Amino acid sequence: MIIMAIALTPVREGELWAGATWTVEDEDVLAGLIARVAIGQARVAERILNEDGLIDVGYPMGGHEGARKLLEVGPTGDPAHRDGWMFQVISWIAAHRSGRPGVIRSPHMRHADKGLDGLMVEFDDTEIARVVISEEKATGNARTMVRDRVWPEFRDFETGRRDAELNDGVSTLLADGGYPNPDAVVAAILWTEKRAYRVAVTIDDTHASEKGLKALYKGYETAVSGEIGRRRAETFQVQDLRPWFESIAVKATAIINAEEAAINV
């Protein structure tokens, strides 16, 4: 059996929302994928994910120092931005593991980046199925983050206040992926039913149960109306949030260091 970085377990709350909980299957594999993204090889990591890890691709000759900086806490001593970036990479991995056909925007290459956390364009057999707007937060207070930060973000997109940002993001994503006529796709997402939303947050024991998840995502259907397919909910349970992210950062950094050393032999 091939061991992958992230396993997904489906969850659902009636017709209110549906999604998955994530479990790390192999921390070393996860650290390796994060290292790939940090060094600027998101497309290589994507190939690894799509081919179940059966690929042998070397690291580039440079970029190691910049990659290490992404995995460092920074001069403020606050790990929140570093952990937030790593969580966006984990969320990107989980999005690929969901198996939906389409294109997924690669993670940002800096800690703090304004705008959308994640963006996906999904297709069915004939046309665009959904544009998925994703908010991804590594937090020790999941309910407050969802209620006070994520739901207002989603409402802004629902009202059209951020259409220019969304249109630009989708056009760029499709153009970079070589898809023909991205403007037609942009025109399609002006219709509300073509938009879906995905919230992904870290949780502890408080929200790990069915009851806890229901409380966590209370109000989702108010922020985003319509059928359940428009409301996706993802969670990643971490007991010791900051120490866990630090341990993965250390592993990813060690991989980068080893690759750099091998190149310089």
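This report describes the sheet, the helix packing and the internal cavities of a predicted model.

**The sheet and the helices on it**

The core element to begin with is an open sheet of 7 strands, which follow one another in the order β1-β2-β7-β6-β5-β4-β3 with mixed pairing. At its edges stand β1 (6–13) and β3, each of which pairs on one side only, and from one strand to the next the twist averages 20 degrees. Within this sheet, β5 and strand β6 (residues 195–203) run parallel and are joined by 7 bridges; in this region K137 stands opposite V201 in β6.

Two helices can be placed against these strands. Helix α5 (residues 142–159) lies across β5 and β6, and its direction runs at about 165 degrees to β6. Helix α6 (residues 163–176) also packs on the sheet, where it touches β3, β4, β5 and β6, while its direction makes about 65 degrees with that of β4.

**Packing around α1**

Helix α1 (residues 27–38) packs with α4 at an angle of about 110 degrees, and the two axes are 10 Å apart. Angles of 65 to 115 degrees count as roughly perpendicular, and α1 and α4 are therefore described as roughly perpendicular to each other. On the α1 side the contact is made by L30, L33, I34, V37 and A38, and on the α4 side by W85, M86, V89, I90, W92 and I93. In composition, this contact of α1 with α4 consists of 11 nonpolar residues, with no polar and no charged ones.

How do α1 and helix α2 (residues 42–50) cross, and within what distance do their axes come? The axes of α1 and α2 come within 7 Å and cross at roughly 150 degrees. Because angles over 145 degrees count as roughly antiparallel, α1 and α2 are roughly antiparallel to each other. Here L33, R36 and V37 in α1 meet A42, V44, A45, I48 and L49 in α2, and the residues of this contact divide into 7 nonpolar, no polar and 1 charged. L33 and V37 of α1 thus appear in the contact with α4 and also in the contact with α2.

**Cavities**

A search of the whole structure finds 2 cavities of 30 Å³ or more, and the table sets out the volume and the lining of each.

| Cavity | Volume | Lining residues by class |
|---|---|---|
| Largest cavity | about 100 Å³ | 6 nonpolar, 4 polar, 4 charged |
| Second largest cavity | about 50 Å³ | 6 nonpolar, 2 polar, 2 charged |

The largest cavity is lined by 14 residues, of which W92, R105, D117, G118 and E136 are the closest to its centre. Three elements, α4 (80–97), β4 (118–123) and β5 (128–137), each supply at least two residues of this lining. W92, one of the residues closest to the centre of the largest cavity, is also one of the α4 residues that make the contact with α1.

Which residues line the second largest cavity? Its lining is made up of A95, S98, R100, P101, G102, V103, I104, M120, V121 and E122, and the elements that give two or more residues to it are β3 (102–104) and β4. Strand β4 therefore supplies at least two residues to the lining of the largest cavity and two or more to that of the second largest cavity, and β4 is also among the strands that α6 touches.

Terms used. Residues are numbered from 1 along each chain as its sequence is written. This is a predicted model: local features need pLDDT of at least 70, side-chain atom pairs count only at pLDDT 80 or more; totals for chains, interfaces and linings use all residues. Side-chain values use heavy atoms; hydrogens and water are left out. On a 1 Å grid over the protein atoms alone, a cavity is a set of points where a 1.4 Å probe fits but cannot get out, and a pocket is an open set with protein on both sides within 12 Å along at least five of seven lines; lining residues have an atom within 4 Å of a point. Grid points are joined across faces, edges and corners, and a volume is the space filled by probe spheres set on the points. Helices (H or I, at least four residues) and strands (E, at least two) are DSSP runs, numbered from the N terminus. Ala, Val, Leu, Ile, Met, Phe, Trp, Tyr, Cys and Pro count as nonpolar, Asp, Glu, Lys and Arg as charged, and the others, Gly among them, as polar. Axes are lines fitted to C-alpha atoms, for helices over the stretch in contact, and angles run from 0 to 180 degrees between N-to-C directions. Angles under 35 degrees count as roughly parallel, over 145 as roughly antiparallel, 65 to 115 as roughly perpendicular and the rest as oblique. Contact means heavy atoms within 4.5 Å. Two strands pair if DSSP finds at least two bridges between them.
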